[in-house]
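The following exercises are to be worked with the sequence and the coordinates at hand. Each task is followed by a solution in steps.

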Amino acid sequence: MQSFIHIESSNYLRAGELGSPADWAFIFGNNNPVALEIGCGIGDFIAQTAAERPDINFIAVDFYNRGCYKTCRRIDGRELRNVRVLREEARQFIVERIPRGSLAAVYINCPDPWPKKKHRKRRLVSRQFMEFLHDYLAPGAEFYFATDFDDYGIDVAGMMAGIEGFENRLAPDLYRHELEGYHLSKYMRKFMAEGKKIYFVHYRRSGAGHKAQGSGEKAE
Ligand SMILES: C[S@@+](CC[C@H](N)C(=O)[O-])C[C@H]1O[C@@H](n2cnc3c(N)ncnc32)[C@H](O)[C@@H]1O
């Protein structure tokens with residue numbers, strides 16, 4: 001069994017010490033748009049993305065202690081001031097700490113695929129999850145999903161096309177295997193090295209809103 005690592009970093013937050021919802025403008029010390037990465041793993045994606053976008057505040061959550069520790073190491077090592085890391089279950093965290101209609105972007109990279117048919121209902125991204133998430137996205141917010149798992153990618157791409165309140169940013173494609181300007185995570189790199197294709201899905205919550213949500217790609 002892996003031992004629990006105590007995380008000593010000013011960028012590591014304990015959700016229980018925050019308000020409900022949390023005051024992110026106070027926490028970051030500015031009113032910049034707030035983006036969320038769910039399941040940040042070791043933090044390589046968020047470190048690269050946040051370094052490129054100091055005008056966006058990034059929250060990285062993962063319920064994996066060692067992942068949060070490594071993410072903090074990366075953030076601290078790069079002296080990034082626009083990332084906060086929390087060891088939290090994503091859905092509970094969103095309900096308790098995120099103001100409705102506030103998120104400028106959400107990133108989900110290589111979520112656990114639950115490959116066995118009988119475990120599929122454990123997958124994080126489903127229609128129900130997206131309808132839930134919709135309420136927490138600001139109008140115009142970006143949603144990114146990436147997986148190496150064929151049927152997860154195809155399912156999410158097909159399901160998103162039928163959910164009201166989202167616009168496909170890759171139209172006429174439902175997904176792509178490359179997304180210009182989008183940083184690669186550890187798992188993406190690992191799967192690509194094994195010759196697997198990544199399925200990228202990119203939607204926007206309908207309605208006017210914030211400009212540019214952090215992938216290097218500019219919103220119109
Ligand atoms: C396969 S790893 C991918 C890590 C990283 N995104 C990457 O692409 O390299 C999935 C990560 O999501 C985290 N995770 C899965 N479900 C989660 C949930 N409901 N809330 C928070 N973290 C979750 C796991 O702990 C794990 O670190």
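**Exercise 1.** Why does Gly29 count as exposed?

*Solution.* The model is predicted. Begin with the position: Gly29 belongs to the loop that lies between helix H1 (24-28) and strand S2 (34-38). Next, apply the cut-off, under which a residue is exposed if 12 or fewer other C-beta atoms lie within 10 Å of its own. Gly29 has 10 C-beta neighbours inside 10 Å and therefore counts as exposed. Finally, relate the residue to a distant part of the chain: from Gly29 to Glu88 the C-alpha to C-alpha separation is 22 Å in space, and the two are 59 residues apart in sequence.

**Exercise 2.** Determine how strand S6 (residues 137-147) is covered and with which strands S6 pairs.

*Solution.* Consider burial to begin with: 10 of the 11 residues of S6 are buried. Then examine one partner, strand S5 (residues 103-109), which runs parallel to S6 and is joined to it by 6 bridges. In this pairing, Phe145 of S6 stands opposite Ile108. The connection from S5 to S6 passes through helix H5 (residues 127-134), forming a right-handed β-α-β crossover. Now turn to strand S8 (residues 199-205), which pairs with S6 in the antiparallel sense, again over 6 bridges. Here Phe200 in S8 stands opposite Ala146.

**Exercise 3.** Identify the residues with the most contacts inside the largest nonpolar core and list what Leu103 touches.

*Solution.* The largest nonpolar core comprises 59 residues, and Leu103, Val106 and Val201 have the most contacts inside it. The element that gives the most to this core is S6, with 7 residues. For Leu103, leave out residues up to four places away in sequence; those touched are then Val34, Ala35, Leu36, Ile98, Tyr136, Leu137, Ala138 and Ala141.

**Exercise 4.** Which residues of helix H2 (residues 44-52) are buried, and what covers them?

*Solution.* The buried residues of H2 are Asp44, Phe45, Ile46, Ala47, Thr49 and Ala50. Their cover includes the strands S2, S3 (57-61), S4 (83-86) and S5, together with the helices H3 (65-77) and H7.

**Exercise 5.** Describe the shell around the ligand by its residues, its main contributor and its composition.

*Solution.* The ligand is surrounded by 20 residues, of which Gly39, Gly41, Cys110, Ser185 and Tyr187 are the closest. Helix H7 (residues 186-193) supplies the largest share of the shell, 3 residues. By class, the shell holds 11 nonpolar, 5 polar and 4 charged residues.

Note on methods: Residues are numbered from 1 along each chain as its sequence is written. This is a predicted model: local features need pLDDT of at least 70, side-chain atom pairs count only at pLDDT 80 or more; totals for chains, interfaces and linings use all residues. A residue is near a molecule or strand if its C-beta atom, placed from the backbone, lies within 6 Å of it. Helices (H or I, at least four residues) and strands (E, at least two) are DSSP runs, numbered from the N terminus. Ala, Val, Leu, Ile, Met, Phe, Trp, Tyr, Cys and Pro count as nonpolar, Asp, Glu, Lys and Arg as charged, and the others, Gly among them, as polar. A residue is buried if 20 or more other C-beta atoms lie within 10 Å of its own, exposed if 12 or fewer, and partly exposed in between; C-beta atoms are placed from the backbone. Two strands pair if DSSP finds at least two bridges between them. A crossover is right-handed if, with the strands pointing away from the viewer, the path from the first strand over the helix to the second runs clockwise. A nonpolar core is a set of buried Ala, Val, Leu, Ile, Met, Phe, Trp, Tyr and Cys residues joined through C-beta atoms within 7 Å. Two residues are in contact if their C-beta atoms, placed from the backbone, lie within 7 Å.
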